[in-house]
Amino acid sequence: MKESKQEKTAGEYFVEQEKNNRKTKKDFCPVARKCGGCDYAGVPYAEQKKKKEQKVKDLLSSICPVRSIVGADDPFYYRNKVHWAFGHMGPHLIAGRYEEGSHWIIENDTCLLEDKECSKILLDIKNLAVKFKIQPFDERTRRGLLRRALIRKGMATKEVMVVLVLASPVFPGKKGFIKQLTEKHPSITTILININTRTDSMILGGKTITEFGRGFIWDELLGVRFKISPESFYQINHDQTEKLYSLANEAADLKKGEKVLDAYCGIGTIGLCSASKTEGVLLTGVELNRAAVKDARENAKENGMEKARFIAADATEYMKEASAKNETYDVVFLDPPRSGTTPEFICACETLCPQRIVYVSCDPTTLARDLKEFKKHGYDPQYAVPVDMFPLTQHVETVVLMTKR
Ligand code: SAH
């Protein structure tokens, strides 16, 4: 993590913070109060972990034993996906994160959550936008061109993707802009332009054009390679994701030739990481996002798991159809969004009859609700492990193993 003599490593910064007992948000980061990205700004890391573990215990300990939280080795600069919005202050172009609950842009060159290289590239995009006289998009008048810039980085491969989100495909000086950006940052392996004419706050619009490189990046988790497209979901904290997936894999305890379902599979990461460790696993993944399903299929091929199949569908609809056809599985992974899964999904599990279900959750409240429902359908939660995927924020991930009664 050490980058230069002048620059402190995250660990050193952290130690200094704790030593000086700078407990106010402002001391922690000059824009912490406005930005709102770090709920636990100024809270010592040991205390953050304790708070999160307690949150999971409060919600789950009446359901199953809750193990100690798996913390991060370094709680700073972990985000591998970073985006800034562009706007103007009088005649000046500004770029940064939105203030919490508003669309006011806060300028701050470094952020304690963002990978440092990603922040540097964003700063250079801003400087180049000024140099090339690119007009920032104005949400009020809907004039201007540059809306956002999104960076994704493969932490294992060091490949970097840049997505420039524009209000129109007409980008004067595009070639020169791309040339100068890639010369300054040779780690950029691909640049895409996304056209977003939407009026809501979605970052990406419907159309994406590859301007440089392959249009995607590769990364690696637990020795398995993953193709990541701009639109696909990919966990934002690489090191903690490896710990999370190892826990999921350990809970699933896959045996040779077992039939495995990875529901809400994204680009296939959980299923492929687990299946790659056991011979002859028959893997099916289900995911709503078509771009992610396309990536998942290619990921299976890239890692020599041609037999894995990935289905673009709503997970509940798939479960209902599979149970109507009397299909069965030995193991089911599910990793739904914060809203959790549905009663119909849980009900269908009874027919699909897996011996083990591994629930990876990013919201312990909906997890507790769903576990109670699983219990009604014959699945007993054995244990839960909280994982700190998002240090400095209040969010906590949890892995739960359930077995068939
Ligand atoms: N397991 C993956 C993705 C988890 S995020 C990983 O660890 O990377 C949750 C995923 O569920 C997202 O990819 C999202 O697109 C997908 N999703 C959301 N609603 C869904 C639904 N109703 N049916 C299937 N997939 C859904």
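**Exercise 1. Which residue in strand 7 is the bridge partner of Leu192?**

*Solution.* Before we start, a word on the model: it is predicted, so local features need pLDDT of at least 70 and side-chain atom pairs count only at pLDDT 80 or more, while totals for chains, interfaces and linings use all residues. Residues are numbered from 1 along each chain as its sequence is written, and side-chain values use heavy atoms, with hydrogens and water left out.

Step 1. Find strand 6, residues 188-195; strands (E, at least two residues) and helices (H or I, at least four) are DSSP runs numbered from the N terminus.

Step 2. Strand 6 pairs with strand 7 in the antiparallel sense, over 5 bridges. Two strands count as paired if DSSP finds at least two bridges between them.

Step 3. Look across from Leu192: the partner in strand 7 is Thr210.

**Exercise 2. Place strand 7 in its sheet, and find the helices that pack there.**

*Solution.* Step 1. The sheet is open, has 7 strands in the order 3-2-1-4-5-6-7, and its pairing is mixed.

Step 2. Strand 3 (105-106) and strand 7 (207-212) are at the edges; each has a single partner strand, so one side of each lacks a neighbour in the sheet.

Step 3. Helix 5 (residues 116-131) packs on this sheet and touches strands including strand 1 (81-89), strand 4 (146-153) and strand 6. Contact means heavy atoms within 4.5 Å. The direction of helix 5 makes about 150° with that of strand 4; axes are lines fitted to C-alpha atoms, for helices over the stretch in contact, and angles run from 0 to 180 degrees between N-to-C directions.

Step 4. Helix 6 (residues 174-184) lies across strand 5, strand 6 and strand 7, at about 145° to strand 6.

**Exercise 3. Explore the largest nonpolar core.**

*Solution.* Step 1. A nonpolar core is a set of buried Ala, Val, Leu, Ile, Met, Phe, Trp, Tyr and Cys residues joined through side-chain atoms within 4.5 Å. Buried means under 20% relative accessible area, with a 1.4 Å probe and protein chains only.

Step 2. The largest core has 62 residues, and Phe28, Phe226 and Phe310 are among those with the most contacts inside it. Helix 7 (residues 238-252) gives the largest share, 6 residues.

Step 3. Domain 1 (81-221) and domain 2 (237-404) each supply at least three residues to this core; the bounds come from an automatic or database domain assignment.

Step 4. Not counting residues up to four places away in sequence, Phe310 touches residues including Cys265, Leu272 and Arg297.

How values were computed. Buried means under 20% relative accessible area, exposed over 50%, partly exposed in between (1.4 Å probe, protein chains only).
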